[in-house]
Amino acid sequence: MLTAIAVTSFAFIGGLIVLWSLLQWRLDLVAAVVITLVGSVATSEYLKPTLHAREGVPNALAQGFPSGHSTVALALGLSFVLVAPVRQRTFAAAGAAIYAAVMGAGLVFNAWHLPSDVGGGFCVATAWAAGAAQLVKRPLDRAIPGWLVAAAVVLVVLAALAAWHLRPGLSFTVITSHRRVLEDAIGIALTAVACCAAFAYAIADRSASATRS
(Lines give C-alpha, C1' and ligand atoms only; values in the text may rest on other atoms or scores of the structure.)
Protein backbone atom coordinates (compact mmCIF):
# COMPACT_ATOMS: atom_id res chain seq x y z
CA MET A 1 0.00 0.00 0.00
CA LEU A 2 2.85 2.38 0.77
CA THR A 3 4.60 1.74 -2.52
CA ALA A 4 1.31 2.21 -4.40
CA ILE A 5 1.46 5.95 -3.75
CA ALA A 6 3.54 7.25 -6.63
CA VAL A 7 3.29 9.93 -9.27
CA THR A 8 1.54 7.55 -11.68
CA SER A 9 -1.07 6.27 -9.22
CA PHE A 10 -1.65 9.76 -7.83
CA ALA A 11 -2.24 11.12 -11.32
CA PHE A 12 -4.45 8.14 -12.24
CA ILE A 13 -6.74 8.28 -9.19
CA GLY A 14 -6.82 12.08 -9.21
CA GLY A 15 -7.57 11.98 -12.92
CA LEU A 16 -10.54 9.68 -12.31
CA ILE A 17 -11.96 12.10 -9.76
CA VAL A 18 -11.49 15.01 -12.17
CA LEU A 19 -13.12 12.97 -14.96
CA TRP A 20 -16.09 12.25 -12.70
CA SER A 21 -16.46 16.00 -12.13
CA LEU A 22 -16.28 16.69 -15.86
CA LEU A 23 -18.98 14.12 -16.57
CA GLN A 24 -21.21 16.10 -14.21
CA TRP A 25 -20.42 19.27 -16.20
CA ARG A 26 -19.13 20.87 -13.00
CA LEU A 27 -16.11 23.03 -13.71
CA ASP A 28 -16.26 24.32 -10.14
CA LEU A 29 -15.71 20.78 -8.86
CA VAL A 30 -12.86 20.26 -11.32
CA ALA A 31 -11.14 23.42 -10.11
CA ALA A 32 -11.62 22.50 -6.45
CA VAL A 33 -10.21 18.99 -6.92
CA VAL A 34 -7.18 20.20 -8.89
CA ILE A 35 -6.44 22.91 -6.33
CA THR A 36 -6.77 20.43 -3.46
CA LEU A 37 -4.47 17.83 -5.00
CA VAL A 38 -1.82 20.11 -6.46
CA GLY A 39 -1.80 22.54 -3.55
CA SER A 40 -1.55 19.81 -0.91
CA VAL A 41 1.32 17.96 -2.54
CA ALA A 42 3.22 21.15 -3.40
CA THR A 43 2.89 22.41 0.19
CA SER A 44 4.14 19.17 1.74
CA GLU A 45 7.08 18.93 -0.64
CA TYR A 46 8.01 22.53 0.09
CA LEU A 47 7.78 22.16 3.87
CA LYS A 48 9.84 18.95 4.12
CA PRO A 49 13.26 20.49 3.48
CA THR A 50 12.23 23.72 5.19
CA LEU A 51 11.26 22.11 8.51
CA HIS A 52 13.92 19.40 8.63
CA ALA A 53 15.70 20.57 11.80
CA ARG A 54 14.13 18.41 14.53
CA GLU A 55 16.04 17.57 17.68
CA GLY A 56 16.28 13.91 18.65
CA VAL A 57 14.93 12.60 15.32
CA PRO A 58 16.97 10.03 13.34
CA ASN A 59 18.57 11.41 10.19
CA ALA A 60 16.46 9.14 8.00
CA LEU A 61 13.31 10.80 9.36
CA ALA A 62 14.63 14.35 9.66
CA GLN A 63 12.91 15.60 6.50
CA GLY A 64 9.66 13.75 7.04
CA PHE A 65 7.32 16.52 8.21
CA PRO A 66 4.70 16.65 6.83
CA SER A 67 4.29 13.16 5.36
CA GLY A 68 3.78 13.26 1.61
CA HIS A 69 2.06 9.87 1.60
CA SER A 70 -0.43 10.99 4.24
CA THR A 71 -1.03 14.24 2.40
CA VAL A 72 -1.75 12.42 -0.86
CA ALA A 73 -3.99 9.82 0.81
CA LEU A 74 -6.24 12.33 2.54
CA ALA A 75 -6.19 14.82 -0.35
CA LEU A 76 -7.51 12.09 -2.65
CA GLY A 77 -10.06 11.05 -0.02
CA LEU A 78 -11.37 14.55 0.61
CA SER A 79 -11.54 15.23 -3.13
CA PHE A 80 -13.70 12.13 -3.43
CA VAL A 81 -15.92 13.42 -0.62
CA LEU A 82 -16.21 16.76 -2.39
CA VAL A 83 -17.47 15.28 -5.67
CA ALA A 84 -19.62 12.53 -4.13
CA PRO A 85 -23.42 12.91 -4.33
CA VAL A 86 -25.07 14.07 -1.13
CA ARG A 87 -26.63 10.68 -0.36
CA GLN A 88 -23.29 8.90 -0.71
CA ARG A 89 -21.17 11.51 1.06
CA THR A 90 -21.22 9.74 4.43
CA PHE A 91 -19.90 6.55 2.84
CA ALA A 92 -17.32 8.54 0.88
CA ALA A 93 -16.12 10.22 4.08
CA ALA A 94 -15.91 6.85 5.85
CA GLY A 95 -13.90 5.36 2.99
CA ALA A 96 -11.57 8.36 2.90
CA ALA A 97 -10.96 8.13 6.65
CA ILE A 98 -10.24 4.40 6.52
CA TYR A 99 -7.85 4.76 3.59
CA ALA A 100 -5.96 7.63 5.22
CA ALA A 101 -5.85 5.89 8.61
CA VAL A 102 -4.46 2.65 7.16
CA MET A 103 -1.90 4.59 5.16
CA GLY A 104 -0.82 6.61 8.20
CA ALA A 105 -0.57 3.58 10.46
CA GLY A 106 1.46 1.74 7.85
CA LEU A 107 3.90 4.62 7.59
CA VAL A 108 4.52 4.59 11.34
CA PHE A 109 4.66 0.79 11.62
CA ASN A 110 7.28 0.58 8.87
CA ALA A 111 9.25 3.48 10.39
CA TRP A 112 8.83 5.64 7.29
CA HIS A 113 7.44 8.51 9.34
CA LEU A 114 6.74 9.69 12.87
CA PRO A 115 3.12 10.05 14.04
CA SER A 116 3.45 13.83 13.93
CA ASP A 117 4.46 13.63 10.25
CA VAL A 118 1.23 11.81 9.46
CA GLY A 119 -0.84 14.34 11.40
CA GLY A 120 0.89 17.19 9.61
CA GLY A 121 0.06 15.66 6.23
CA PHE A 122 -3.58 15.31 7.23
CA CYS A 123 -3.69 18.97 8.28
CA VAL A 124 -2.16 20.14 4.99
CA ALA A 125 -4.67 18.15 2.93
CA THR A 126 -7.64 19.29 5.02
CA ALA A 127 -6.62 22.94 4.83
CA TRP A 128 -6.36 22.90 1.04
CA ALA A 129 -9.60 20.94 0.62
CA ALA A 130 -11.45 23.36 2.91
CA GLY A 131 -10.16 26.34 0.96
CA ALA A 132 -10.91 24.80 -2.43
CA ALA A 133 -14.43 23.86 -1.33
CA GLN A 134 -15.28 27.57 -1.24
CA LEU A 135 -15.32 27.48 -5.05
CA VAL A 136 -18.05 24.85 -5.18
CA LYS A 137 -21.69 25.82 -5.54
CA ARG A 138 -24.05 23.19 -4.18
CA PRO A 139 -27.81 22.90 -3.65
CA LEU A 140 -29.19 22.58 -0.16
CA ASP A 141 -27.86 19.44 1.52
CA ARG A 142 -29.62 17.34 4.10
CA ALA A 143 -28.85 18.45 7.63
CA ILE A 144 -26.08 16.59 9.43
CA PRO A 145 -27.51 14.60 12.38
CA GLY A 146 -26.68 16.04 15.78
CA TRP A 147 -25.23 12.73 16.96
CA LEU A 148 -22.69 12.85 14.12
CA VAL A 149 -21.58 16.34 15.10
CA ALA A 150 -21.24 15.23 18.73
CA ALA A 151 -19.25 12.17 17.65
CA ALA A 152 -16.91 14.36 15.60
CA VAL A 153 -16.30 16.61 18.62
CA VAL A 154 -15.53 13.59 20.79
CA LEU A 155 -13.12 12.25 18.18
CA VAL A 156 -11.29 15.59 17.99
CA VAL A 157 -10.89 15.60 21.78
CA LEU A 158 -9.68 12.00 21.83
CA ALA A 159 -7.22 12.70 19.02
CA ALA A 160 -5.86 15.70 20.92
CA LEU A 161 -5.46 13.63 24.08
CA ALA A 162 -3.73 10.87 22.10
CA ALA A 163 -1.33 13.39 20.57
CA TRP A 164 -0.54 14.83 23.99
CA HIS A 165 0.00 11.39 25.49
CA LEU A 166 2.13 10.09 22.61
CA ARG A 167 4.19 13.26 22.34
CA PRO A 168 4.56 12.73 18.56
CA GLY A 169 8.16 12.77 17.47
CA LEU A 170 9.36 10.96 20.59
CA SER A 171 7.86 7.55 19.85
CA PHE A 172 11.04 6.33 18.18
CA THR A 173 14.37 6.06 19.99
CA VAL A 174 15.97 4.38 16.96
CA ILE A 175 14.58 3.91 13.48
CA THR A 176 13.65 0.25 14.05
CA SER A 177 11.84 0.81 17.36
CA HIS A 178 8.06 0.35 17.34
CA ARG A 179 6.93 1.28 20.81
CA ARG A 180 3.27 2.07 21.38
CA VAL A 181 2.38 1.28 17.78
CA LEU A 182 -1.23 0.50 18.70
CA GLU A 183 -1.62 3.87 20.40
CA ASP A 184 -0.05 5.56 17.39
CA ALA A 185 -2.50 3.80 15.07
CA ILE A 186 -5.49 4.76 17.22
CA GLY A 187 -4.42 8.39 17.35
CA ILE A 188 -3.87 8.47 13.58
CA ALA A 189 -7.25 6.84 12.93
CA LEU A 190 -9.04 9.32 15.19
CA THR A 191 -7.33 12.23 13.46
CA ALA A 192 -8.30 10.93 10.02
CA VAL A 193 -11.93 10.42 11.08
CA ALA A 194 -12.07 13.87 12.66
CA CYS A 195 -10.69 15.54 9.50
CA CYS A 196 -13.12 13.73 7.18
CA ALA A 197 -16.15 14.25 9.44
CA ALA A 198 -15.37 17.93 9.93
CA PHE A 199 -14.87 18.45 6.19
CA ALA A 200 -18.14 16.69 5.27
CA TYR A 201 -20.01 18.73 7.87
CA ALA A 202 -18.40 22.00 6.78
CA ILE A 203 -19.32 21.67 3.10
CA ALA A 204 -22.89 20.69 4.02
CA ASP A 205 -23.21 23.68 6.34
CA ARG A 206 -21.79 26.02 3.71
CA SER A 207 -24.23 24.69 1.11
CA ALA A 208 -27.17 25.33 3.43
CA SER A 209 -25.99 28.86 4.18
CA ALA A 210 -25.50 29.65 0.50
CA THR A 211 -29.00 28.41 -0.34
CA ARG A 212 -30.65 30.46 2.42
CA SER A 213 -28.90 33.63 1.27
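Colleague: In which helix does L27 lie?

Modeller: This is a predicted model. In it, L27 lies in helix α2, which covers residues 27–50.

Colleague: Is L27 buried or exposed?

Modeller: The general step is to compare the relative accessibility with a cut-off, and exposed means over 50%. L27 has 65% relative accessibility, so L27 counts as exposed. L27 also belongs to a nonpolar surface patch of about 710 Å², together with F12, I13, L16, L19, L22 and L23.

Colleague: Which helix gives the largest share of that nonpolar patch?

Modeller: Helix α1, residues 7–23, gives the largest share, with 6 residues.

Colleague: How does one read the overall fold, and how many helices and strands does the protein have?

Modeller: Start with the secondary structure: there are 7 helices and 0 strands. Along the sequence the pattern reads α-α-α-α-α-α-α. Next, look at the contacts. Among those with a separation of 6 or more, 79% join residues 24 or more positions apart. Then take burial and surface. The protein has 213 residues, and 46% of them count as buried. Its accessible surface comes to about 10900 Å², with 72% belonging to carbon and sulfur atoms.

Colleague: How should I read a salt bridge, and how many are there?

Modeller: Side chains of opposite charge can pair when their charged atoms come close. The rule asks for a side-chain nitrogen of Lys or Arg within 4 Å of a carboxyl oxygen of Asp or Glu. By this rule the count is 2 salt bridges. R26 pairs with D28, and their closest N and O atoms are 2.8 Å apart. K48 pairs with E45, with the closest N and O atoms 3.9 Å apart.

Colleague: Where do K48 and E45 lie?

Modeller: An α-helix has 3.6 residues a turn, so residues three or four places apart point the same way. K48 and E45 are both in helix α2, 3 residues apart, about one turn of the helix.

Colleague: Why does K48 count as buried?

Modeller: Buried means under 20% relative accessible area. K48 is at 17%, so K48 counts as buried. Its partner E45 is at 44% and therefore counts as partly exposed. In the other pair, D28 counts as buried because its relative accessibility is 18%.

Colleague: How does one check the length of a helix, taking α5 as the case?

Modeller: Compare the expected span with the distance between the end C-alpha atoms. Helix α5, residues 115–132, has 18 residues and should span 26 Å at 1.5 Å a residue; its end C-alpha atoms are 26 Å apart, which agrees. The buried residues of α5 include G121, V124 and A125.

Colleague: Which residues does T71 touch, leaving out those up to four places away in sequence?

Modeller: T71 touches G121, V124 and A125, and also S40, V41 and S44. T71 sits in helix α3, residues 68–83. With 1% relative accessibility, T71 counts as buried. The side chains of T71 and S44 are joined by a polar contact of 2.7 Å.

Colleague: Last, how far apart are the C-alpha atoms of A204 and V86?

Modeller: For such a pair, set the distance in space beside the separation along the chain. A204 and V86 are 118 residues apart along the chain, and their C-alpha atoms are separated by 8.7 Å. A204 is placed in helix α7, residues 181–212. Its relative accessible area is 7%, so A204 is buried.

Technical notes
Residues numbered from 1 in each chain as written. Predicted model: local features only at pLDDT ≥ 70, side-chain atom pairs only at ≥ 80, totals over all residues. Heavy atoms only, no water. Helix = DSSP H or I, 4+ residues; strand = E, 2+ residues; numbered from the N terminus. Buried < 20%, exposed > 50% of the residue type's maximum accessible area, 1.4 Å probe, protein only. Polar contact = N/O pair within 3.5 Å; in protein donor to acceptor, adjacent residues only side chain to side chain. Contact = heavy atoms within 4.5 Å. Areas by Shrake-Rupley, 256 points an atom, 1.4 Å probe, with all protein chains shown as cover. Expected span 1.5 Å × (residues − 1). Patch = residues over 30% accessible without salt bridge, like charges linked within 9 Å, V, L, I, M, F, W, Y side chains within 5 Å.
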